[in-house]
Amino acid sequence: MVDELVLLLHALLMRHRALSIENSQLMEQLRLLVCERATLLRQVRPPSCPVPFPETFNGESSRLPEFIVQTASYMLVNENRFCNDAMKVAFLISLLTGEAEEWVVPYIEMDSPILGDYRAFLDEMKQCFGWDDDDDDDDDEDEEDDY
């Protein structure tokens, strides 16, 4: 019985040693793969955005057209990040400061539906901060009348 236990213990120790060696080899392979992955990731850089990150908007009416163009351009080239109106509005809100930031707080507090409607949010900003689309429409109508 003792001889059988000694043989069994010896077999277990041999198996343990073999598994330890295999484990060490696997750990070395894993280390090499992690290093190779890091090297590959350094070689593959995401493309740089051709449009700079938009500047903040503080409510200054003369800057509103520039702000809207900057944000629209940025969202266009990063369309995978701005897949719906709520994301677009949230992005605009994140860039508001000063008077513009104070203006948007009530909309947020009452969880206004406008926060999920990009066009409506822009229209509201234009109305509040002095960009009148009607002037542009009137010019277009005048040109049409000339024809």
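Which residues form a nonpolar patch on the surface? I began with this and noted, before going further, that the model is a predicted one. The patch is formed by Met1, Leu5, Leu8 and Leu12, and I wrote down about 460 Å² as the accessible area that these residues have together. To place the patch along the chain I looked up Leu5, which is found in helix α1, a helix that covers residues 2-43.

Next I turned to the largest pocket, for which I noted a volume of about 180 Å³. Its lining includes Ile68, Ala72, Met75 and Leu76, and also Tyr118, Arg119, Leu122 and Lys126. The elements that give two or more residues to this lining are α2 (64-77) and α5 (118-129). Glu79, Phe82 and Lys88 line the largest pocket as well. When I sorted the lining by character, I entered 7 nonpolar residues and 4 charged ones, with no polar residue among them.

Last, I looked up the aromatic pairs, of which the structure holds 10. I followed one of them, Phe53 with Phe91, whose ring centres are 5.7 Å apart and whose planes stand at 85°, over the 60 degrees that the class requires, so I entered the pair as edge-to-face. This pair links distant parts of the chain, since Phe53 is in the loop between α1 and α2 while Phe91 is in helix α3 (residues 85-94), and the two are 38 residues apart.

Definitions and conventions
Residues numbered from 1 in each chain as written. Predicted model: local features only at pLDDT ≥ 70, side-chain atom pairs only at ≥ 80, totals over all residues. Heavy atoms only, no water. 1 Å grid on protein atoms, 1.4 Å probe; cavity = no way out; pocket = protein on both sides within 12 Å on 5 of 7 lines; lining within 4 Å. Points joined across faces, edges and corners; volume = space filled by probe spheres on them. Helix = DSSP H or I, 4+ residues; strand = E, 2+ residues; numbered from the N terminus. Nonpolar A, V, L, I, M, F, W, Y, C, P; charged D, E, K, R; others polar. Patch = residues over 30% accessible without salt bridge, like charges linked within 9 Å, V, L, I, M, F, W, Y side chains within 5 Å. Areas by Shrake-Rupley, 256 points an atom, 1.4 Å probe, with all protein chains shown as cover. Salt bridge = Lys/Arg side-chain N within 4 Å of Asp/Glu carboxyl O. Phe/Tyr/Trp six-rings, centres within 6.5 Å; stacked < 30°, edge-to-face > 60°.
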